[in-house]
Amino acid sequence: MNKFLAIVLALSAMFVFGNASVSAASDANYWKEWTVVTKGVIPECGTDVVGLGADPIFKSLTDTYCKLKLGSYSTYLNPAANAAYKSRSPKYPDDRTAVMVFEKAGIGLTVDHKGGRVDFGVIDLKDGKSKASKEQGHPLNPQTCAMCHVSYSDACVSGVCGNRLKPAK
Ligand code: HEC
């Protein structure tokens, strides 16, 4: 981010969320304390992402989401999930594991683990309320998330995909 913009945003955040409401603001954006593990952009429809070096799952991601014009994203990882993420272990602790934040579009995509199960969600960045779609086949329907995150089992371990290009250590 441009330095000037960063300062303006920091100042406006102080102004808007001054004093008592600081904790409310940080609760709604709890992932801001987490580690950013990947950053990227969903390119426009028709972009030859494979020609640009993307793997098949990223092409599929582009095909699924390009029409929504979500723009750039950062994925934030819960520190509790760090060890599993790094080693590509399937054993994630019960919690929200990661949030893929689309600032411009104002939505966050979430992956949670509970008792060995993986759950997907879509939240409004303003208030954390669900923006998941119930429409069959819709890109923001949790079933659509699962189809990709679970079916690309070489790329994604236990429903987590962002660590696919990093060799296990
Ligand atoms: C067509 C495939 C595909 C679909 C559909 C998809 N994702 Fe992903 N998702 C990915 C890929 C690939 C990454 C890794 C992105 C990167 O490397 O920066 C990712 C990353 C994520 C992350 C960051 C954690 C991780 O796995 O690395 C979250 C959270 C996430 N997706 C949630 C969702 C949710 C919620 C949905 C449905 C609303 C969804 N995804 C739909 C492919 C998909």
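This is a guided tour of one protein with its ligand, with a selection to make at each stop. The model is predicted.

**Stop 1: the whole chain**

Show the protein as a cartoon and colour it by secondary structure. There are five helices and five strands. Followed from the N terminus, the elements come in the order α-α-β-α-β-α-β-β-β-α. The protein has 169 residues, and 25% of them are buried. Among contacts with a separation of 6 or more, 44% are between residues 24 or more positions apart.

**Stop 2: the sheet**

Select the five strands. They form an open sheet in the order β1-β2-β3-β4-β5, with antiparallel pairing. The strands β1 and β5 are at the edges and have a single partner strand each, so one side of each has no neighbour in the sheet. On average, neighbouring strands of the sheet are turned by 20° against each other, direction ignored. As background, strands of a sheet pair through backbone hydrogen bonds, in a parallel or an antiparallel way.

**Stop 3: strand β3 and its two partners**

Select β3, residues 95–102. Is this strand enclosed or open to the outside? Seven of its eight residues are buried, so β3 is largely enclosed by the rest of the structure.

Add β2, residues 72–77, which runs antiparallel to β3 and is joined to it by four bridges. To see one matched position, pick Tyr76, which stands opposite Val99 in β3.

Now add β4, residues 107–114. The pairing of β3 and β4 is antiparallel and covers seven bridges. Two partners to label in β4 are Asp112, the bridge partner of Arg96, and Gly108, the bridge partner of Val101. The strands β3 and β4 form a hairpin with four residues between them. In that turn, select Gly106, which has a positive phi of about 75°.

**Stop 4: on to β5**

Select β5, residues 117–124. Eight bridges pair β4 with β5, again in the antiparallel sense. Gly108, already labelled as the partner of Val101, also stands opposite Ile123 in β5. The hairpin of β4 and β5 has two residues between the strands, and Gly115 in this hairpin takes a positive phi near 55°.

**Stop 5: the ligand**

Select the ligand and the residues around it. How many residues are there around the ligand, and which come nearest? There are 25, and those that come nearest are Thr38, Leu109, Cys145, Cys148 and Gly162. The elements that give two or more residues to this shell are β1, α3, β3, β4, β5 and α5. By class, the shell holds 15 nonpolar and 10 polar residues, and no charged ones.

**Stop 6: helix α3**

Which element gives the most to the shell around the ligand? It is α3, with five residues. Select this helix, residues 56–65, and show the side chains of its buried residues: Phe58, Leu61, Thr62 and Tyr65. Turn the view so that you look down the axis of α3. The buried residues fall within an arc of 95°, so they line one face of the helix.

**Stop 7: residues in the loops**

Select Lys69, in the loop between α3 and β2. Its phi is near 50°, which is a positive value in a residue other than glycine. Lys69 has 12 other C-beta atoms within 10 Å and is therefore exposed.

Next, pick Arg88 in the loop between α4 and β3. Arg88 is not a glycine, but has a positive phi of about 55°. With 16 C-beta neighbours inside 10 Å, Arg88 is partly exposed.

Before leaving this part of the chain, select Ala83 in helix α4, residues 82–87. Ala83 is exposed, having 12 other C-beta atoms within 10 Å. Draw a distance from its C-alpha atom to that of Pro93, 10 residues apart along the chain: the separation is 10.0 Å.

**Stop 8: Lys131**

Finish at Lys131, which lies in the loop between β5 and α5. Buried, exposed or partly exposed? Lys131 has 15 C-beta neighbours inside 10 Å, so it counts as partly exposed. Leaving aside neighbours within four places in sequence, Lys131 is in contact with Ile107, Val122, Ile123, Asp124 and Leu140. Ile107 is 24 residues from Lys131 along the chain, and the C-alpha atoms of the two are separated by 7.9 Å.

How values were computed
Residues are numbered from 1 along each chain as its sequence is written. This is a predicted model: local features need pLDDT of at least 70, side-chain atom pairs count only at pLDDT 80 or more; totals for chains, interfaces and linings use all residues. A residue is near a molecule or strand if its C-beta atom, placed from the backbone, lies within 6 Å of it. Ala, Val, Leu, Ile, Met, Phe, Trp, Tyr, Cys and Pro count as nonpolar, Asp, Glu, Lys and Arg as charged, and the others, Gly among them, as polar. A residue is buried if 20 or more other C-beta atoms lie within 10 Å of its own, exposed if 12 or fewer, and partly exposed in between; C-beta atoms are placed from the backbone. The arc is that of the directions from the helix axis to the C-beta atoms. Two residues are in contact if their C-beta atoms, placed from the backbone, lie within 7 Å. Two strands pair if DSSP finds at least two bridges between them. Axes are lines fitted to C-alpha atoms, for helices over the stretch in contact, and angles run from 0 to 180 degrees between N-to-C directions.
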